[in-house]
Amino acid sequence: ENRAPKELVIAAPFGPKSSVPDPRARQNGWLSNRAGVSETLIGLGYDMSMQPRLALSYENLSQTQWKIALREGVKFHDGSVLTAADVKDSFAKLDAEGHPAYNPRLSKLLGLKSITVEDTHTLIFETETPNSAFLWTLTEPSAAVMKDGYDDYPLIGTGPFVFEKAVTEKTYVSRGFADYWGGAPKLDRLVIDAIPDGAVAALALKSSDVHLVSNYPEADFAKLEEDQAGQRFAASTTRLFFYQPRMDGGPLANDALRQAVSLGLDRDTIVAASLAGVGGDVANSMFPANMTSWVNPHLMLPYDPAQAKALLDDAGIVDNDGNGIRELDGADVVLKLRTYEGRAALRPTLEISQAMLQQIGIGAEISIGEFGANNDALAAGEIDMHLQAWGTAPQGDPDYFPSTLVATGASYNIAGYSNPDLDALLEQGRSLFKTEERQPIYAKVQDIVNQDLPIIPLFHKTQVSVGNGKVIGYQIHPAETYLASPELDLAE
Amino acid sequence: MSMSLSNPNVKQTIPAMPGTWTLMVFALTLGAGMLMTPYDPTQADFLNRLATPSALHWFGTDHLGRDIATRVLYGSFWSLGLSLGVVSIGAAIGTIVGLVAAQNGRWVDMILMRTTDSFFAFPELISAVTIAGLFGPSTMNLVLALIVVSWMKFARLVRSLAISVVQQDYILQARLNGLPAWRVLWQHNLPNILPGVFVLWTNSWSRTILAISGLSFLGFGVQPPNAEWGAMLLDGKAYLLTAPHIMIFPGLAVLFAVLTINLTGDRWRDRLADNI
Amino acid sequence: MLNIAKLSVSAAGRTLLHEVSFSVAASEMLCVIGESGAGKSTLLKGLMGLMPCRYERFEHRSSAEESAFATTSGLGLPACRYVMQDPLAALNPKRSLGQSICESLYTQKLPAPEQRNRALSALEAVELPVEFYDRLPKEVSLGQAQRACLARALVAEPELIIFDEPLSALDALVQKKIALKMDQLRREIGITYIVVTHDLGFAAAYADRILLLRNGRMETFQDKGDFFANPASAYASDLVGAAQTLGALNRMEAAE
Amino acid sequence: MNALLTRLGGLVTVLFGISFITFAVTHFAPGDKALAIAQARYPGEMGFDAEILEGIRDEFHLDRPFISQYLHWLVDFLTGDFGRSYSSHSKVWDIFAGNLEETFSLAITALTLGLAAAFLLAGLAVWRKGSLIDRFAILLASVGAAIPSFWLSILLILLFSAHLGWLPAYGTGTLAQLVLPTVTLAFWVMSSQTRLLRSFLLEAYDQPFVETLRLRSVSEREIFFSHVLRHALSPALTMIGLDLAGLIEGAVIVEIIFARSGLGSLLAGSVLARDLPVVVFLVMFFALTYVLINTVIDLVQTFTDPRHLAGERNAV
Amino acid sequence: MLSLNGLSACIGRQTVLEDVGFTLSNGQCLAVVGGSGAGKSTLLRLILGLRKPAVPVAGHLCFDGHDYALSKASSGKPMGIAYVPQSPAHGFDPLRRLRWQWQQLQRLLGKHAAGGEVLDALGLPVLAKAFPHEWSRGMQQRLLVAMALLEQPKMLILDEPTSALDPLIAAQVLTEVQRVAQECDIAVMMVTHDLALAAQFADQIAILHQGHMVQTGPAQQVLTAPSCDYAAELVAHRYWQQENPESLAAE
Ligand SMILES: Nc1ncnc2c1ncn2[C@@H]1O[C@H](COP(=O)(O)OP(=O)(O)OP(=O)(O)O)[C@@H](O)[C@H]1O
Ligand SMILES: Nc1ncnc2c1ncn2[C@@H]1O[C@H](COP(=O)(O)OP(=O)(O)OP(=O)(O)O)[C@@H](O)[C@H]1O
Ligand SMILES: [Mg+2]
Ligand SMILES: [Mg+2]
């Protein structure tokens, strides 16, 4: 047919990290997953439940063994048919140092002992230790099944879109894959452009340079909402905004001070001001209220400046020199708070926090850095708190977030927090396989975290996107894992 | 600089400079404004967020409910004061280096100019971004970075101006008459190149205002909650479509300040060129 | 006082002055004459170290000062003043005549009022009213600027003054007064002069010795009397003869 | 010839100076380099065994004294080994090469347009000094120099993209996408140069010989193009050379705001990410470019101004 | 050719020229003499129309049949006068080679090969690649005269054209000026301090004293019958060098 090729341009806050970003390495999988280039064995539904994807079925053979049956008729972008051997191959690359897919983090998370190919469409995965999160981990975008690329096809996945090119931090381009197992996509091309500045993204939408802004600035969204204008998409997500305080030194190693900080932050105001009333729920624990299967509904993170002050007074953190800032060990408590660019709500949150801490006699200096660099700075003791925004359950499993952030020695436990009780609970949680059995454990985990405050949860954000009115088939995924689907389309 | 008053040429010209009064009135207005405003530039008022300009808040309030007019006033301290300090220090260092290099020629010139060139190779914003970024964004790092890279411009211009002066017979005369080098610099070179330096000084001052606000706008400069104009613009960026007044007033403040300085600088130049 | 053998001065890779030798005794006046472009100014610039030069022998009053000159980077003869040919170029356009004159006294470390007084009397000596103390070079006539330059040299009362056509822009009355002043200073404090001039009459009246240059070479170097009575070269006698016909040397006509 | 050799000698000194300063700044920046390299090598990991870190320190000479590290780095740099990015582990040179063209085309077009406009405007202003044209030129240049370029960019996007929809608001690649960033930068070049050029031209017109040329009925055109322009060109060239820095800075801001790829946005991103190999290379690159261009300008001046030559000889 | 009436000018509070007037016809040479600072250069510059806006001027100039009110800048400048400024710095662009500047003039006049004999007559070498500062002052001055002669103007104004020249060359230069002036019927006005030269080459001599034209008249008459004390003194001292210094000092 002679219709003009349909190209959808999406503005996103982050871009690819290299020009051939293998989905399995680093955090590359998110983008290629959203772009529909790579696919995992198991998917995550819009209700955060597991969905068959490349795997049609998955079966627990023993505590450490999983049988996975592959979907038939799946084709790689280069036309070859997906086989069990391909899957095994793909996973093997995670451990191959020097290979672009090398991903020690995921490898550790999966804890695989072996992969056995039963027949062309059946595999058996065996883990070292019992790991109830195993299947959930397979939903992570990094666990994509890929074939080694070559010149014409630098990245060979199985998704509805074929990788075309990427420009570091700028753009990610893919084209429709007619032989997709789920049916040919309606779009011919999909372009994801990185526009870190939400304001420019909004302008770009206004000037029709892009058709969809995936992370629309909240303030502008509120205005659209008011005017009932624009093609608005909103959905609550598991994304948690939280502070990670430094626990192995500095003023925040002091428990009372940390408690006071949490009590002194008026989360309602933060949500109202930094999200411009668009939506967001005050966090009472690390999990959002809509994650009903895992959230501990009895927890509270109240705003109580009076109690905060009392707590500080009791701990001997008082303002002796009358400059309005309390002292700890003779020095003014001036916390260095830092966050990064990319999510519009981060910066105002930081500023509001500063104002609020001031009111309970705690000084704060704030600045904007970059995520990785901020982690280094936190580890080095250059800063005291790092404001971050994470999806708390990208794979739908409650283990991921605490295991990555607060378990002893966890990869992002930069603040140096360690609680053996918590570690034991997490260990136990991973070895149990029934939701009912695991629920009380994670409720306890949330409780401990709220008491020790190795992270200080602030709020869960509602994700908002705005289209130009012609975007069809777009839906915000609560974990923001998916975006491009064969149904995604652009009206004439 | 107590020295400047002992140089009759400088002494004579300063009161005659037009624009000095404008600047003074400007400074007084700012000072009076700061004294009179009932608001605190950093105190958030969450009930009053994003208010549009009104009798209570002349320029409206920002996303934290802070009075923008007050912040613009206080911002002048950061934007004007900080840059003035940075540039003046840089100008003093650079002028001395440039004059000494031009006067002495040969090896001194060689060493000084190569050092200057080495530093010069780092554009202000680049080095400020690098230093502020690598050492952690803070106002102090910013100031240091800017000073380190602000003097070379003066050194180079002064040298090139002074060299053409140095070849003049009257400089030779002065040196033949046994004047020590610094006196020749001070009495002969300086007055001749002063107009040029003045243009560059005012020019750099305004450029530094722009640089500081640009850096703040990129997040490398003056850190919140300090009311630097560029930082205020950054605040306003997220509300560009909904509350444009946040971005308009600080932007106008930058424009107006830089414009005033530049125009005053031009008039000084014209006067100096005529007078000295 | 000053004794120089085979001084050569070059510029732009070209030798402009070839092996000039001369000497001048204390409180004498040496007049350097020669046609335009002969190299008179070049000789002075060479002496002052403003142009690269070579020489065979150089004696100033003490041999210590010889080495100072030999480095060539040190600007020229010590304790001397130099009056350049172009008065406007030699005055800083941004400084008043008074300031320029005072600058010449800098090495003497006088208090400011004293400096001013001496500058004022120097102005008087060159027939300039006191109000010129505060004038800028562009506010005076060329002759007045030239006189300011002379004042600047005279005010310091140095051992040696080198003049490049000092009276060229002045009228006869002023020329005469300044010439007398110069002569008086020579007698009273013993200043030595090297004067470039094209005025043979002046040379005849005031010089002790005469150095004649031609095309960058030394033509003759003689005592004044000898020079006018029996010039040592054909060119020199032509010159003297021509000057006589032109009337520059004719006393009788002047007496009319 | 001699002068040329001296200049080249000086240039080499400067290049060493630059490399030293750059290295020193990054060397003393906080943060554990071994850790950063480890994180680049083993992506996704945060903590590492002491052995691994030791091994890396050894491999990259991180435990040597500063000077030794500097020399190692210098040798690597001179032999074309610029290292690998901490954040993507790709070769620094590849990252750089991929971004060079965008910045280059932006800077060159902006410079050319801006300078052309500046010469035109300053020429007109001086031609009719004190007239309306003059005042307009001064005003335009002054306002132009006073508008923060990031503000101007946003205003331009608002007007031409959001409201009129004529030009794309962001991005790299097409000619249309080059327009707004170029205009922003060129406007800045024009404003900053016009005022300087005007004052240099006026100064040149002030020289006494101009009067005599006019008396000889030399046409104003010839006075301007054959005499005055020459006198103004030398200082103007110096200033243009100096302003190249501003151009680079402008490119950084403009690239970030227009979400363009290019060296500027690369630098900002790398600095934030503390991607030292990339930062070092970019800073060196900017510095070298700048120095080379200014050296050329200097040489041109030395060989065109007779008084410079005389000066050098007279200063023997 | 040229007549000037009632020219007065003030610079600051000082009256530099007061009620100066004279007439000059074609082929004639007027020498203006007077003390240093008497206002000679100012007079020449005002005639040429080189006035600073801040200087109030009164007077009336008639040149080549055109009238110019000197008090008004708008009344234009007389055309066709060649000028040799007092200082060579006013005559040459320091950044251009002398040959180029000479050729520029030739181009302007449309005489591409002319002028060689003028240079010869003034005793100047060929114009090599020299820049102005590489020539001696006397040479620069002569080149300026040569350029003025090349122009073949209606009138020639020379401000101390021989101040840096020795008498022989001065005479040579003025002879050439005289020759060209007579050949082309050019009026010449020149400032000089040298009364002997003035007597030799000028038809008329005007004595300027503190801004006043104290005497004008045929050269011989001025020299033999000075009309006032100042003129007399000036004339008497024209050979001052030959007075005995000792006896003078005793005066
Ligand atoms: N800009 C000025 N400000 C004040 N006085 C001035 C200015 N220009 C000239 N004069 C004065 O005007 C008078 C006449 O100057 P002018 O140059 O005409 O003298 P001159 O006769 O040419 O003298 P000379 O023979 O020395 O060149 C002088 O006394 C001079 O001081
Ligand atoms: N910097 C220079 N470079 C090249 N040639 C020069 C330089 N300075 C002077 N000359 C040449 O040297 C020669 C002598 O010049 P000088 O200035 O000494 O002459 P002068 O005797 O002072 O003549 P005048 O009486 O005209 O001043 C001239 O031919 C001149 O062209
Ligand atoms: Mg000479
Ligand atoms: Mg004169």
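**Exercise 1. Which side chain makes a polar contact with that of S19(D), and at what distance?**

Solution.
- The side chains of S19(D) and Y70(D) are joined by a polar contact of 2.7 Å. The model is predicted.
- Next, place the serine: S19(D) sits in helix α1 (residues 2-27) of chain D.
- List its neighbours. Leaving out residues up to four places away in sequence, S19(D) touches Y70(D), W73(D), L74(D) and M284(D).
- Now judge its burial. S19(D) has a relative accessible area of 2%. Buried means under 20%, so S19(D) is buried.

**Exercise 2. Find the protein donors of the magnesium ion (ligand 4), and decide whether each is buried or exposed.**

Solution.
- The protein donors are OG of S41(E) and OE1 of Q86(E). They lie 1.8 to 2.3 Å from the ion.
- Locate them. S41(E) is in helix α1 (residues 40-48) of chain E, while Q86(E) is in the loop between β6 (81-84) and α2 (98-109) of chain E. They are 45 residues apart, so the pair links distant parts of the chain.
- Check accessibility. S41(E) has 17% and therefore counts as buried. Q86(E) has 10% and also counts as buried.

**Exercise 3. Which residues make the nonpolar surface patch of about 390 Å², and which helix gives the most to it?**

Solution.
- The patch is made by L120(D), L124(D), W127(D) and I133(D).
- Helix α5 (residues 92-127) of chain D gives the most, with three residues.
- Take one member: L124(D) lies in helix α5 of chain D. Its relative accessible area is 32%. That falls between the cut-offs of 20% and 50%, so L124(D) is partly exposed.

How values were computed:
Residues are numbered from 1 along each chain as its sequence is written. Chains are lettered from A and ligands numbered from 1 in the order in which they are written. This is a predicted model: local features need pLDDT of at least 70, side-chain atom pairs count only at pLDDT 80 or more; totals for chains, interfaces and linings use all residues. Side-chain values use heavy atoms; hydrogens and water are left out. Patches are made of residues with over 30% relative accessible area and no salt bridge: like charges are joined within 9 Å, nonpolar side chains (Val, Leu, Ile, Met, Phe, Trp, Tyr) within 5 Å. Accessible areas come from the Shrake-Rupley method with a 1.4 Å probe; for residues, only the protein chains shown count as cover. A salt bridge is a side-chain nitrogen of Lys or Arg within 4 Å of a carboxyl oxygen of Asp or Glu. Helices (H or I, at least four residues) and strands (E, at least two) are DSSP runs, numbered from the N terminus. Buried means under 20% relative accessible area, exposed over 50%, partly exposed in between (1.4 Å probe, protein chains only). Donors are N, O and S atoms within 2.8 Å of the metal (3.2 Å for Na, K and Ca); water is not among the atoms, so sites may look incomplete. A polar contact is a pair of N or O atoms within 3.5 Å; within protein, one must be able to donate a hydrogen and the other to accept it, and residues adjacent in sequence count only if both atoms are side-chain atoms. Contact means heavy atoms within 4.5 Å.
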